[in-house]
Amino acid sequence: RGGINPVNLSSTLFDLGLDVEVLKSLHLLGGAKMFAVKGNEYTTGRDQLNQIISYGTGTTFNQKQNVIVTGLRYDYDAVGSFSLQYNIVNYDDKLLPTNKYNLNQLFCVFMLKF
């Protein structure tokens with residue numbers, strides 16, 4: 001956008017999911033989500049009712065976030081399943097080097113459909 005307050009913001013989102021039944025009722029799960037944003041944008045201040053209370057100054061972004069997931073799911077009948085999943089999350093703000101983190105999680109999910 002041109003004008004008095006030009007905006008030049010670009011973002012990319014890549015999303016991939018995988019669910020393969022390798023044996024009867026046993027599924028191999030996988031997924032990846034990769035998000036990147038770079039450029040500038042103007043933000044607004046808002047109150048609890050989402051009403052604009054102030055117009056902000058320009059904000060510059062240069063960030064990347066990746067989420068990678070792998071796991072196994074066992075469907076023990078038509079209404080229930082159990083899965084074991086491992087997530088890896090990486091976040092990197094290239095403009096604020098101290099704002100960078102990695103998070104690894106292992107968790108179990110028990111699901112019932114009713």
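**Sheet and stacked rings: the reasoning**

Q: Why does Y101 count as partly exposed?
A: This is a predicted model, and in it Y101 has a relative accessibility of 38%. Buried needs under 20% and exposed needs over 50%, so Y101 sits in between and counts as partly exposed.

Q: What makes β2 and β3 paired strands?
A: Two strands pair if there are at least two bridges between them. Strand β2 (residues 26-46) and strand β3 (residues 52-75) share 20 bridges in the antiparallel sense, so they qualify. If you want one bridge to look at, R46 has I52 in β3 as its partner. The two strands form a hairpin with 5 residues between them, and N50 in that turn has a positive phi of about 65°.

Q: How do you know that β3 pairs with β4?
A: Use the cut-off of at least two bridges again. Here 13 bridges join β3 to strand β4 (residues 80-93), and the strands run antiparallel, so this is a pair too. One of the bridges has T70 with Y86 in β4 as its partner. This hairpin has 4 residues between its strands.

Q: What makes β1 and β2 a pair?
A: They have 15 bridges and run antiparallel. With at least two bridges required, β1 and β2 therefore pair. Along them, S11 stands opposite V37 in β2.

Q: What is the strand order of the sheet, and is the sheet open or closed?
A: The order is β1-β2-β3-β4-β5, in an open sheet of 5 strands with antiparallel pairing.

Q: Why do β1 and β5 stand at the edges?
A: β1 (8-23) and β5 (100-112) each have a single partner strand, so one side of each has no neighbour in the sheet. As for the twist, neighbouring strands of this sheet are turned by 15° against each other on average, ignoring direction.

Q: Why is L26 called partly exposed?
A: L26, which is found in strand β2, comes out at 24% relative accessibility. Being buried would take a value under 20%, so L26 goes down as partly exposed. Leaving out residues up to four places away in sequence, L26 touches V20, E21, R73 and Y74. L26 and Y76 are 50 residues apart in sequence, yet their C-alpha atoms are 8.9 Å apart in space.

Q: How many aromatic pairs are there?
A: The count comes to 2.

Q: What makes Y76 and F110 a stacked pair?
A: Ring centres have to lie within 6.5 Å, and the planes have to be under 30 degrees apart. Y76 and F110 give 6.2 Å centre to centre and 5° between the planes, so they pass on both counts. Y76 lies in the loop between β3 and β4 and F110 in strand β5, so the pair ties together parts 34 residues apart in sequence.

Q: Why do Y76 and F110 fall into separate accessibility classes?
A: Y76 has 36% relative accessibility and counts as partly exposed. F110 has 53%, and the cut-off for exposed is over 50%, so F110 counts as exposed.

Q: How do you know that Y91 and Y101 are stacked?
A: Their centres are 5.3 Å apart and their planes 25° apart. With limits of 6.5 Å and 30 degrees, the pair therefore counts as stacked. Y91 is in strand β4 and Y101 in strand β5, 10 residues apart.

Q: Why does Y91 count as buried?
A: Y91 has 13% relative accessibility, and buried means under 20%, so Y91 is buried. Its ring partner Y101, at 38%, counts as partly exposed.

Key:
Residues are numbered from 1 along each chain as its sequence is written. This is a predicted model: local features need pLDDT of at least 70, side-chain atom pairs count only at pLDDT 80 or more; totals for chains, interfaces and linings use all residues. Side-chain values use heavy atoms; hydrogens and water are left out. Axes are lines fitted to C-alpha atoms, for helices over the stretch in contact, and angles run from 0 to 180 degrees between N-to-C directions. Buried means under 20% relative accessible area, exposed over 50%, partly exposed in between (1.4 Å probe, protein chains only). Contact means heavy atoms within 4.5 Å. Rings of Phe, Tyr and Trp (its six-membered ring) pair if their centres lie within 6.5 Å; planes under 30 degrees apart count as stacked, over 60 as edge-to-face and the rest as tilted.
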